[in-house]
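Student: I should like to learn how to read the features of a protein model. May we go through one together?

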Amino acid sequence: MAPVTRVVLAEDEVLLREGLVALLTRFDFTVCAAVGSAPELLDAARTHQPDLVLTDIRMPPDRRDDGLRVAVALRAERPRLPVVVLSQYVQTGYAAALLDSGDGQRVGYLLKDRVAEVTEFVDTLRRVTAGGTAIDPDVVRQLLHRPRDPLRALSVREREVLALLAEGRSNASIAARLHVTEAAVGKHVGNILLKLDLPPSDDTNRRVLAVLTYLRADPAG
């Protein structure tokens with residue numbers, strides 16, 4: 001039997017919050033607390049020490065990026081705390097800020113519309129809790145259509161692989177998506193890391209750094 005995942009949830013819209021509680025409970029997550037403001041999120045996460053924090057970005061009291069700022073603060077306290085943030089709109093800077101927090105792993109940035117794709121949404125939560133990263137495909141698509149490609153050193157195929165890495169996909173998943181061998185994907189990933197001049201580290205950290213470079217790249221650069 002899989003271990004229970006304990007969740008602290010923050011969402012200021014009551015109906016969506018209750019819906020998320022029901023959805024999480026249905027898929028065997030345990031909701032320790034469901035709150036409606038950033039200060040309540042901070043208190044609840046510190047009190048319950050959950051396995052996962054799921055929060056909206058725009059939260060009271062300021063209704064700006066309060067939820068994101070609390071998520072980043074919590075990961076400063078617990079660098080390995082899994083966090084998934086939900087956003088109404090595509091904001092690539094939010095994804096970069098989250099990836100830059102804590103140990104750079106166990107983070108997810110999803111648009112709220114993704115909640116309706118229940119199975120995929122739940123799989124994403126589980127993947128992040130298990131140590132993965134997940135960036136919403138719409139964020140990735142926006143990055144791919146920037147007017148000037150800041151990653152021009154990469155080949156077309158390498159940019160495709162990096163885009164799928166940003167979605168949190170494994171080498172096997174990327175291979176299936178692109179209809180190539182897993183060995184070919186491994187070679188492309190190696191080339192990406194080399195061309196982005198990333199420092200030697202374990203493979204997982206270097207993949208996160210590649211995604212972070214991708215998200216931070218300046219279209220005007």
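Tutor: Let us begin with a term. A residue is called buried when its relative accessible area is under 20%, exposed when that value is over 50%, and partly exposed in between. Please keep in mind throughout that this is a predicted model.

Student: Is T124 buried or exposed?

Tutor: T124 has a relative accessible area of 6%, so this residue is buried. T124 is part of helix α5, which covers residues 118-129.

Student: Which residues does T124 contact, once its neighbours within four places in sequence are left aside?

Tutor: With those neighbours left aside, T124 is in contact with L110 and A134.

Student: What share of the chain is buried?

Tutor: Of the 221 residues in the protein chain, 48% are buried. The chain's secondary structure consists of 10 helices and six strands. As for its contacts between residues at least 6 apart in sequence, 66% join residues at least 24 apart.

Student: How should I read the strands as a sheet?

Tutor: The general idea is that strands of a sheet pair through backbone hydrogen bonds, in either a parallel or an antiparallel manner. Here, six strands form an open sheet in the order β2-β1-β3-β4-β5-β6, and the pairing is parallel. The edge strands, β2 (29-35) and β6 (133-135), each pair on one side only. On average, neighbouring strands of this sheet are turned by 20 degrees against each other, direction ignored.

Student: How many bridges join β1 to β3?

Tutor: Strand β1 (residues 5-10) runs parallel to β3 and is joined to it by four bridges. Within this pairing, V8 has V53 of β3 as its bridge partner. On to the next strand: β3 and β4 are also paired in the parallel sense, over four bridges. V53 has V83 as its bridge partner in β4.

Student: What of the pairing between β4 and β5?

Tutor: Strand β4 (residues 83-87) pairs with strand β5 (residues 107-111) over five bridges, in the parallel sense. Opposite L86 stands L110 in β5. L110 has already appeared in our discussion, as a contact of T124.

Student: Why is β3 described as largely enclosed by the rest of the structure?

Tutor: The reasoning rests on burial: five of the five residues of β3 are buried, so this strand is largely enclosed by the rest of the structure. Both of its faces are covered, with L52, L54 and D56 buried on one side and V53 and T55 buried on the other.

Student: Which helix lies across β3, β4 and β5?

Tutor: That is helix α3 (residues 66-77), which runs at about 160 degrees to β3 (52-56). The loop between β3 and α3 contains P61. The peptide bond from P60 to P61 is cis, with omega near 15 degrees.

Student: Which backbone angles deserve attention elsewhere?

Tutor: Consider phi at two residues that are not glycines. D28 has a positive phi of about 70 degrees, and H179 has a positive phi of about 60 degrees. D28 is placed in the loop between α1 (14-26) and β2, whereas H179 lies in the loop between α8 (171-178) and α9 (182-195).

Student: Are these residues buried or exposed?

Tutor: D28 has a relative accessibility of 61% and therefore counts as exposed. H179, at 72% relative accessibility, counts as exposed as well.

Student: How is an intermediate value read?

Tutor: E182, which lies in helix α9, is a suitable case. Its relative accessible area is 48%, so E182 is partly exposed. Not counting residues up to four places away in sequence, E182 touches N171, A172 and A175. E182 and A172 are 10 residues apart in sequence, yet 5.6 Å apart in space, C-alpha to C-alpha.

Student: Finally, what lines the largest pocket?

Tutor: The largest pocket is lined by 14 residues, and G132, T133, G168, R169 and R207 lie nearest its centre. Helix α10 (residues 203-216) supplies the largest share of the lining, with four residues. By class, the lining comprises three nonpolar, eight polar and three charged residues. The space in this pocket is about 240 Å³.

Technical notes:
Residues numbered from 1 in each chain as written. Predicted model: local features only at pLDDT ≥ 70, side-chain atom pairs only at ≥ 80, totals over all residues. Heavy atoms only, no water. 1 Å grid on protein atoms, 1.4 Å probe; cavity = no way out; pocket = protein on both sides within 12 Å on 5 of 7 lines; lining within 4 Å. Points joined across faces, edges and corners; volume = space filled by probe spheres on them. Helix = DSSP H or I, 4+ residues; strand = E, 2+ residues; numbered from the N terminus. Nonpolar A, V, L, I, M, F, W, Y, C, P; charged D, E, K, R; others polar. Pairing = 2+ DSSP bridges. Axes fitted to C-alpha atoms, helices over the stretch in contact; angles between N-to-C directions. Contact = heavy atoms within 4.5 Å. Buried < 20%, exposed > 50% of the residue type's maximum accessible area, 1.4 Å probe, protein only.
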